[in-house]
Every structure is written in C-alpha cells, then in structure tokens.
Amino acid sequence: MRILVIGSKVQQMSGLAHGLVRLGYDAAFYPKPTEDLEGSEEEEKALEDFLKNQKVDFVLSNIFGSSAARATNRLNIKYAVWCMDSPAYFSYVPEVVLDNCFLFYFDRHEYELRKQEGLTNVYHLPLATDITWSSGLVITDEEIKKYRCDMSFVGTLYSHNLYDQLLERFPADIQNIFTDMIENSAFVWDGEDRLHIPRELATGVRKLFPDLFDGLYISDEYYLKTFLMGRKLSHVERTLLMELLSQRYGIHLYTRAADEVPEGVRRFPEVGAVTEALKVFYSSKINLNITLRSIVSGVPARVFDVMSVGGFMMSNWQEEIPELFVEDKEIVTYKTPEELVDKADYYLKHEDKRTRIAINGYRRVKEQHTYEHRLNKIISIVQGKA
C-alpha cells in the first residue's frame, strides 16, 4: 500500500512517516503542507495529479484539508486525519462529511462533540510518540550539564492572546463575566469543565466584533470558549506557575521569543521538537506539563515525548491520563498548585523514585503508545477491519 503523508506548517510529521516505513508501508511526503493547498484550485489540481501519477492508495495528514478531501474523494482514495490540535479548527468544514474521510481526535471531549453533531466518520485516538528517538539520541556530558535543572517547561505562555487584545473594547459587564470565569477556572485540574459561555454572551460578543467569527463553521460559544478564553486561561496559569516555581526551584523555561516572561524566571529560546527538546527532557529532573485549556480531557504530545527518552513527567491531571498511564508509577499528576509544589519537593529529594517512575513511563510508551500502535489502529479502521 502506498501512503502519502501531507504535513503542516505547525506540527512535524516525520515520526508518522517513519512509523509507516517501520510497519512496512511505502510512504511518501507531499512537497507542500496542507495549509498551502487551501483556497487554490491550482494547488488542488496539482495534488490530484500527484495522487494519480504516484498511484497513491491512502492519504494521511494531521490537519484536515478541504482541498485534500475533495481531491481524494474524486479519486476514491481514503483520507485519514489524525488531529493533533484540540480543538482541530481546520476540521470544522463541510467536507468532513465526505464518505472517504476519517477523522481521529485525541481529545475524547472533542470527539464526543463531533459525534453529537451527527458525524459518523469520527474516532477517538490518543496521541503517541516515536520511541526510536531515544535510541538515536546523542547527548554529551556538556549538554547534560547545560540542560540540567530541577524543573523545565517547554512551551508557549500565550502572552499575546486575543483576549488581551480585545479586553478594553468589551463593556464592563462582559469584562466582569470573563474575569469571573477565569477566577473560577484557574489552577484547578479536576476534570470539571468550568468554562461555560452562555448563548446570550456569545451573541453580545458577535454584535461587538462580527468579523471575529467570519469563516468559522463552529458555534460562537465554542470558539469563544476554546480560542478566546482557553488561551487566556492558559496564559494566566502558565505565567503565574512559572513565577511561583521559579521562587523555589531552578526552573528553565523554553519558550518563543514573543512571550513576556515574569521577572526571575530563567528563560531560554524555543527548542526544536525532535532535537534539543529531547535533550531537555532527558536532562531535566522534572519535566512539567501544563495542558492548554482548550484540551479538555486529552493528553498532549509533550507528555508522550518526554517519556520517549526516559524523562520524568509531572503533569496537571487530565481525565484520560489514568486510561493511558499508572499514576505515581509511570507519571505524577497534580490538581492544584499546592499539590504540584508538594510533589516537586518530594521527588526532587528522592532521585531513586523519580528515576524508577521515568523508566516505567518509558516502558509504557514503548509498549503501548508509539506511532506504530496508533497507525495500525488508523489503517485498520480505514480498511474496515476494526
């Protein structure tokens, strides 16, 4: 079977392609990312010609492309999308109902929403990692010393978010509602979704900023909840946690240049997902995960990637974590900042237990959570064998 992988501008997909090859499939990369194919009849025609000439049997991507969906549908080629963002905004388009399209969501909450909308070609599939990264990782003593720290966090703080850009333009009553939502939701990770956008509030925001919703195929409430409020809430949590933790531990923050970092936080440049980041994960005593709030129940890629090189992972609690890992044996979770500090203190003092958990986490992803595991599931479903 010849499988074509179409990448994206925002997420690397080399692990998927390599996983397909290790499974014995004939895999190829399309020369342009999904985003570049959208809105261009010429690019869509070029993709269709490529599929014909290369005799492709199956197409896989991690961002839903309307052009790819139409081109594959005309050629009767199956098109699977493993959505690695949540929400997967690109998948909220009319083409998702085409009968050759299969959508896989890593966040069960989003998957259930799509099912409630009446879609029948959607599935729940957690994320995974490329375990071969660890075997190919070369790290020197100097690099270990460079990256060694009590705790590290690799990710953006969302300092420049839509909420902050629009806040002063909201009437006082709407500002107060949003402020209450943030105060009631922040720093509690217990599985309860506290971001509820009433219909009348969404209607009011639409009247103020009609252009904000142009071109969207999702409800106003869902967009405000996930994009406007979700990112602002993540900004508040990540920024204040970094400030709190930096007062107690030697913490390294690897983030994008545009982020505004609290005073006292040791800031480092953003690191590549399959190069420096793996060395950070391996060298840090504790790798921290603070899940983006728009991911309601699922487990982000950061967790799997840390474990792929034997790094110790401490994550905020997510509903799906106990389904994937054994807590306190393969991963350590926290539900409040106080619990995070207590557990960080404990594991920094007990290297033997920290090491044992890291090893167990590595074994778990190797045995159950690799790209090969997930690809087998995708292909089985697409071929009607699941």
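## Helix α13 and its surroundings

In this predicted model, the buried residues of helix α13 are R302, V303, F304, D305, V306, M307 and S308. The helix is thus mostly covered, with seven of its eight residues buried, and just after α13 the backbone at G310 takes a positive phi of about 80°.

Helix α13 (301-308) also appears among the elements against which the buried residues of α16 pack, together with β10 (286-289), α14 (321-324), β12 (332-334) and α15 (337-349).

## The buried side of helix α16

Helix α16 spans residues 351-368, 18 residues in total, and its reach of 26 Å from the first C-alpha to the last is close to the 26 Å expected at 1.5 Å a residue. Its buried residues are R354, I357, A358, G361, R364 and V365. Because these residues cover an arc of only 125° around the axis, they lie on the same side of α16. An α-helix has 3.6 residues a turn, so residues three or four places apart point the same way.

## Nonpolar cores

In soluble globular proteins, nonpolar side chains tend to be buried together. The largest nonpolar core of this model holds 51 residues, of which F178 and M242 touch the most other members. Helix α11 (residues 220-246) supplies the largest share of this core, namely 10 residues. When residues up to four places away in sequence are not counted, M242 touches F153, L157, I251, L253, V265, L288 and I290. Apart from this core lies another, of 47 residues, which includes F104, V299, V306 and I381; of these, V306 is also one of the buried residues of α13.

## Aromatic pairs

A pair of aromatic rings is described by the distance of the centres and the angle of the planes. The model has 19 aromatic pairs. One of them joins F102 and Y123 in a stacked arrangement, at 6.5 Å centre to centre and with 20° between the planes. This pair links distant parts of the chain, since F102 belongs to strand β5 (residues 101-105) and Y123 to strand β6 (residues 122-124), 21 residues apart. F102 counts as buried because its relative accessibility is 10%, under the 20% limit, whereas Y123, with a relative accessible area of 24%, is partly exposed.

F170 and F178 form an edge-to-face pair, with 5.4 Å between the centres and 70° between the planes. Both partners are buried, F170 at 4% relative accessibility and F178 with a relative accessible area of 0%. Elsewhere, ring pairs link Y89, F213, Y223 and F227 into a cluster.

## W189 and charges over rings

W189 is placed in the loop between α9 (172-185) and α10 (199-208), and it counts as buried at 2% relative accessibility. Leaving out residues up to four places away in sequence, W189 touches E237, L241, I290, R293, N316, W317, Y334, K335, T336 and P337. Between W189 and R231, which are 42 residues apart along the chain, the C-alpha atoms are separated by 16 Å.

Two residues in the contact list of W189, namely W317 and K335, are also related to each other, in that K335 lies over the face of W317, at 4.7 Å from the ring centre. A further case involves R114, whose charged end sits over the ring of Y92, 3.9 Å from its centre.

Key:
Residues numbered from 1 in each chain as written. Heavy atoms only, no water. Phe/Tyr/Trp six-rings, centres within 6.5 Å; stacked < 30°, edge-to-face > 60°. Helix = DSSP H or I, 4+ residues; strand = E, 2+ residues; numbered from the N terminus. Buried < 20%, exposed > 50% of the residue type's maximum accessible area, 1.4 Å probe, protein only. Lys NZ or Arg CZ within 6 Å of the ring centre and 35° of its normal. Expected span 1.5 Å × (residues − 1). Arc of directions from axis to C-beta. Contact = heavy atoms within 4.5 Å. Core = buried A, V, L, I, M, F, W, Y, C linked by side-chain atoms within 4.5 Å.
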